[in-house]
Amino acid sequence: MNAEISTPTDELTQRLSATPRGARLARRLTGAQLAEWGHPHDTDVNDTAQHLVAELAANAVTHGRVPGRDFELRLLRLPGNTLRIEVSDARGDRRLRYVDDKDGEHGRGLILVTLLADTWGVTERDVGKTVWAEIGLGR
């Protein structure tokens with residue numbers, strides 16, 4: 001029997017190591033997937049998606065890391081020409097927060113997410129949390 005395996009073309013889900021290398025790979029996978037979906041590198045949509053993933057993955061690796069546990073990247077093309085980016089980590093005990101120290105070197109990632117995403121939020125899970133963001137893919 002020659003059965004054909006079907007893979008959904010509107011979704012990418014990948015577990016990655018909760019390390020800086022895993023965060024970099026998440027960004028690269030996002031760029032490649034968006035290019036495959038018809039949004040080449042160096043387009044606004046691809047760049048925005050990569051920036052969002054970079055921030056969310058960096059937060060998952062820095063603040064959501066649990067030793068021995070991965071984080072998950074999920075990209076979904078939704079109806080209405082919308083891209084949903086989800087980054088899930090295993091740490092549910094830390095709430096997201098804005099850092100308001102003007103002189104601090106860190107803590108501005110969620111401000112960037114707020115500026116770049118059309119909408120974003122957090123969904124609690126049995127283990128950990130998912131931070132998601134949505135952007136329009138244009139026509």
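What pattern does the protein follow, read along the sequence? Let us start there and work through this predicted model in a few exercises.

**Exercise 1. Set out the secondary structure, then describe the protein as a whole.**

*Solution.*
Step 1. Count the elements: the protein has three helices and five strands.

Step 2. Put them in order. Along the sequence they give β-α-α-β-β-α-β-β.

Step 3. Turn to burial. Of the 139 residues, 38% count as buried.

Step 4. Look at the surface. The accessible area comes to about 8800 Å², and carbon and sulfur atoms hold 48% of this area.

Step 5. Check how the contacts are spread along the chain. Among contacts with a separation of 6 or more, 62% are between residues 24 or more positions apart.

**Exercise 2. Trace the salt-bridge network that includes Arg-84, and say which parts of the chain its pairs tie together.**

*Solution.*
Step 1. Begin with the general idea: side chains of opposite charge can pair when their charged atoms come close. In this model the count of salt bridges is seven.

Step 2. Find the members of the network. Glu-11, Arg-74, Arg-84, Glu-86 and Glu-134 are linked by salt bridges.

Step 3. Take the pair of Arg-74 and Glu-11, whose side chains meet at 3.1 Å, N to O. Arg-74 belongs to strand 2 and Glu-11 to strand 1 (residues 11–16), so this pair ties together parts that are 63 residues apart in sequence. Both ends keep some accessibility: Arg-74 is partly exposed at 26%, and Glu-11 is partly exposed at 31%.

Step 4. Move on to Arg-84, which forms a salt bridge with Glu-86 at 2.7 Å, N to O. Here the residues are buried: the relative accessible area is 12% for Glu-86 and 16% for Arg-84. The cut-off for buried is under 20%, so each of these values qualifies.

Step 5. Add the other partner. Glu-134 also forms a salt bridge with Arg-84, with the closest N and O atoms 2.8 Å apart. Since Glu-134 lies in strand 5 (residues 129–136) and Arg-84 in strand 3, the pair ties together parts that are 50 residues apart in sequence. Glu-134 and Arg-84 are both buried.

Step 6. Complete the surroundings of Arg-84. This residue lies over the face of Trp-132, at 4.3 Å from the ring centre. As for pairs between aromatic rings, the structure holds zero.

**Exercise 3. Which residues other than glycine have a positive phi, Asp-42 and Asn-81 being the two to examine? Place each one in the chain.**

*Solution.*
Step 1. Recall the background: most residues other than glycine have a negative phi.

Step 2. Examine Asp-42. Its phi is near 70 degrees, a positive value. Asp-42 sits in the loop between helix 1 (20–36) and helix 2 (44–62), and is exposed at 70% relative accessible area.

Step 3. Examine Asn-81. Its phi is near 60 degrees, again a positive value. Asn-81 sits in the loop between strand 2 (71–78) and strand 3 (82–89). With a relative accessible area of 27%, Asn-81 is partly exposed.

**Exercise 4. Describe the surroundings of Leu-29 and of Asp-44, one residue from each of two helices.**

*Solution.*
Step 1. Locate Leu-29: this residue is found in helix 1 and is partly exposed, at 26%.

Step 2. List its contacts. Leaving out residues up to four places away in sequence, Leu-29 touches Leu-12, Gln-14 and Leu-16. From Leu-29 to Gln-14, 15 residues apart in sequence, the C-alpha distance is 9.0 Å.

Step 3. Locate Asp-44: its place is in helix 2, where Asp-44 counts as exposed at 65% relative accessibility.

Step 4. Look along the chain from Asp-44. Leu-137 is 93 residues apart from Asp-44 in sequence, and their C-alpha atoms are separated by 9.4 Å.

**Exercise 5. Which residues form a nonpolar patch on the surface?**

*Solution.*
Step 1. Name the members: Ile-111, Leu-112, Leu-115 and Leu-116 form the patch. Together they offer about 340 Å² of accessible area.

Step 2. Place one of them, Ile-111, which lies in helix 3 (residues 109–116).

Step 3. Check its exposure: Ile-111 counts as partly exposed, at 36% relative accessibility. Membership of a patch needs over 30%, so Ile-111 meets that cut-off.

Note on methods
Residues numbered from 1 in each chain as written. Predicted model: local features only at pLDDT ≥ 70, side-chain atom pairs only at ≥ 80, totals over all residues. Heavy atoms only, no water. Phe/Tyr/Trp six-rings, centres within 6.5 Å; stacked < 30°, edge-to-face > 60°. Lys NZ or Arg CZ within 6 Å of the ring centre and 35° of its normal. Patch = residues over 30% accessible without salt bridge, like charges linked within 9 Å, V, L, I, M, F, W, Y side chains within 5 Å. Areas by Shrake-Rupley, 256 points an atom, 1.4 Å probe, with all protein chains shown as cover. Salt bridge = Lys/Arg side-chain N within 4 Å of Asp/Glu carboxyl O. Helix = DSSP H or I, 4+ residues; strand = E, 2+ residues; numbered from the N terminus. Buried < 20%, exposed > 50% of the residue type's maximum accessible area, 1.4 Å probe, protein only. Contact = heavy atoms within 4.5 Å.
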